[in-house]
Amino acid sequence: MTETKHFYQTFQPTHYQIALDINRGTKLISGTSTITGEALESIISVHEKYMTINAVTVAGTAVPFTIDEQAEGLHIDLGQTGKTTVTIDFTAPLTDSMMGIYPSYYEVNGEKKQIIGTQFETTAARQAFPCVDEPEAKATFDLAIKFDEQPGETILSNMPETKTEAGVHYFATTKKMSSYLIAFAFGDLQKKVTETKSGVKVGVFAAKAHQANELDFALDIAKRSIEFYEDFYQTPYPLPHSWQLALPDFSAGAMENWGLVTYREAYLLLDPDNTALDMKQRVATVIAHELAHQWFGDLVTMKWWDDLWLNESFANMMEYVAIDALEPDWHIWETFQTSDAPMALQRDATDGVQSVHVEVEDPAEIDAIFDSAIVYAKGARMLVMARALVGDQALRQGLKAYFEAHQYGNAKGADLWAALSDASGMDVGSIMNTWLEQPGYPVVTAAVKDGQLTLSQAQFFIGDGQDAQRQWKIPLNSNYETAPAIFETPTVTLGTYQDLRQKAGEPFQVNVGNNSHFIVKYDDTLLTDILDHLDDLDAIAQLQVLQDLRLLADGRQISYAKIVPLLSRFAASDATVVNAALYRIANNLKKFVTPDSTEEKALRALFDQLSAQQVARLGWTPKATDTNDDQLTRPIVLNAALYAQNAQAVADAHELFTANAAHLGTLPAAIRVFVLRNEVQHFGNATLFDNLLNEYRTSTDPSYKADLSVAVTATTDPTLIHKLIGVFEDADTVKPQDLRSWYRGALANDAAQQAAWDWLRNDWQWLEDTVGGDMEFTTYITVTAGIFHTPVRFAEFKAFFNPKINTPGMTREIKMDIKIIESRVKLIEDEKAAVNASVAQQTQSK
Ligand code: BES
Ligand code: ZN
């Protein structure tokens, strides 16, 4: 890699005075950025992007500068080094890219309105004001903002407002912080506020298109999260307020701006009377995630983006730690097991995947490392391993010391390991670096060889993989005492199996709790023993059996056909984690069948067998007596029954639809999506389609809107499919932030796949212009690769994306996705016959 020079090496700002005048009408920003700092070189560099620089002055005198578009900045010739104050006058456009300073659009009572907000991470602060836009360049900021203000509008920023003069809003000087965490917003907002025990003002803000009670849930979770973190981290929340703001247009899920956290509406607001438990949990964990960052990320920030995991992996773990403390009855770690664990295990098995710690320089590449499966899910699993190793007491003590040492400054990964090592007396870094610095993860093979119980480790791949002889320091968590706590050699022998088995009185297991990032391949003896004692296993262990078999089948170490007969043994479980793992496998079988074939019929029959009892037990309507597991399992099994085309299920859903046709939004949120989709699939027509589309346009409930989009994208009518694709580019119907899930829905629908795929290829340029500046752009490729599974689509995918392979930020994604589809196509080709025979046998024998 070529050595890139960071601007911070030329100029180290200590304080900014930023004045902005923002006009929604003309879509123009004009401003000045006055930066005081230390020039280390006589020519300093400052970031700006898409700006017109009108003047650069030092002490009132113009100084020469050059624009460097490539480096996204300007070079200013000061003529000398040392302390200086530079003033930059600029104008910039207000763009619709959901980056920098941008408008969000919404309607209240038929009136079109805008909220202006900001999104600066990773490198868009430079679109708002000239600055040294690197995380290490921490400084204090004074903000003064003027805008085309209307009566009753509210303006918010990281710090409280101190005064308004001549229409200019002045904010208190920030703490020392990174530019990517600056934020402000203004518009016609409603709010709910409260205070923590320690006196921090907590607030939730949203457009007035929403009911006031939609803010309540978030306010409660935000307040209690801050209280939790103040206690857990033993470090006070450092600012006077913590505002949570829902923006109608938002690219990411949420953003941890210090003191002014911004969210997608779907991740902050909810109808307290009709929201499914999983959505409540999601909103709660998102809030807890962003608030974890207020310390980890905001108070202490990674020195450079290569250590992004210090922010994201950590916040991803802490969202579960916090919510588990706030809502213990939710058993939120089970969600970690059904979402983060499989996501990490799947993606991290593809050769070419990045490691959690990854070198980056190019801004386009920085956005690409925010990979939810790696820096989030795998990184969080890595920290879960670290937490289990050192224990909560040492973790908290270590964190406290880490915050004390680095607050208002920056840190590297090694600093965290050092703090945890000091607190625990263990060499945490030497274990963790094997997970942090290496891509992939091991499969541990457990086998009885010549009577000896032996373990070995090797990297696990799905698809072709170059074995680089990687080894990990694996926290084994075995139920047999003789197994080492950390398995760090290629193989180990644990002793005579017969003796060990007899002494233990239970089957041999490793990775008890499924908290270490590896999978296990038991030989026939050991697996049979486990399966013979299935009922003695707890739910997580059962999930793990299914999870590991599934991955081994994807990795071609066993056959899917062998798993099929096992499925029914898990089908009666009350546990959501087991059902989630079970139906993940069942859903994987769908790719082995051709639409409308006898194989598909047999598979539907299998789904019916698996789900019938559970559907009878749980029914369609949520009950007051439901356990959390019941609430979360119901949607899984209803979905299965509908795939099965179970006549009763189809009729029940239709009846619910008919009874609620006048107020579909009030259908119980947990099952609403199935009722709507069923109606479109089995009783659909143009009128229904238009009605649902209209509901989508007018509703302000994000969960309901998501359900509606699933329903309309399931249409099989060619005319309606044409109409469906037609709204993709109509921002008044589908906001660009939501388009990807529409695209995914259509692409996963056999009848609409061709149209959706044609749209993507034909209108790629439009997509790039609309969401290209956005960090979610490459996920259109990921989504496509997640669905394609035929040789024809594979060829088309390569033909379309291969020519784009050198686009910055897209290279790794395209390379990996090609491998992902390739291995899936091959899997199907090789195993289709055996899998379908196995499915047929299951359904005949019953
Ligand atoms: N810092 C991120 C938001 C972000 C992501 C900014 C990518 C720039 C590029 C934020 O803390 C985050 O992780 N958001 C998640 C939601 C979350 C709770 C998992 C997101 O946006 O997906
Ligand atoms: Zn985050």
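How many residue pairs are in polar contact between domain 2 and domain 6? In this predicted model, the count is four, taken with both residues at pLDDT 80 or more. Salt bridges between domain 2 and domain 6 number zero. The contact draws on 10 residues of domain 2 and 11 residues of domain 6. The size of an interface is often given as the accessible area lost when the parts come together. For domain 2 and domain 6, the area buried between them is about 640 Å², and carbon and sulfur atoms account for 52% of it. Taken over C-alpha atoms, the centres of the two domains lie 30 Å apart.

The domain assignment divides the protein chain into six parts. Domain 1 covers 1-187, domain 2 covers 191-295 and domain 3 covers 307-436. Domain 4 is assembled from the segments 443-460, 471-516 and 518-541. Domain 5 spans 559-645, and domain 6 spans 646-712.

A zinc ion (ligand 2) is bound through three residues: His289 and His293, each by its NE2 atom, and Glu312 by OE. The coordination distances run from 1.9 to 2.1 Å. Along the chain, the donors of the zinc ion (ligand 2) are spaced as H-x3-H-x18-E. His289 and His293 belong to helix α2 (residues 277-293); because they are four residues apart in this helix, about one helical turn separates them. Both histidines, His289 and His293, are buried.

How values were computed
Residues numbered from 1 in each chain as written. Chains lettered and ligands numbered in written order. Predicted model: local features only at pLDDT ≥ 70, side-chain atom pairs only at ≥ 80, totals over all residues. Heavy atoms only, no water. Donors = N, O, S within 2.8 Å, 3.2 Å for Na, K, Ca; no water. Helix = DSSP H or I, 4+ residues; strand = E, 2+ residues; numbered from the N terminus. Buried < 20%, exposed > 50% of the residue type's maximum accessible area, 1.4 Å probe, protein only. Domains from an automatic or database assignment. Contact = heavy atoms within 4.5 Å. Buried area = accessible area lost by both parts, 1.4 Å probe. Salt bridge = Lys/Arg side-chain N within 4 Å of Asp/Glu carboxyl O. Polar contact = N/O pair within 3.5 Å; in protein donor to acceptor, adjacent residues only side chain to side chain.
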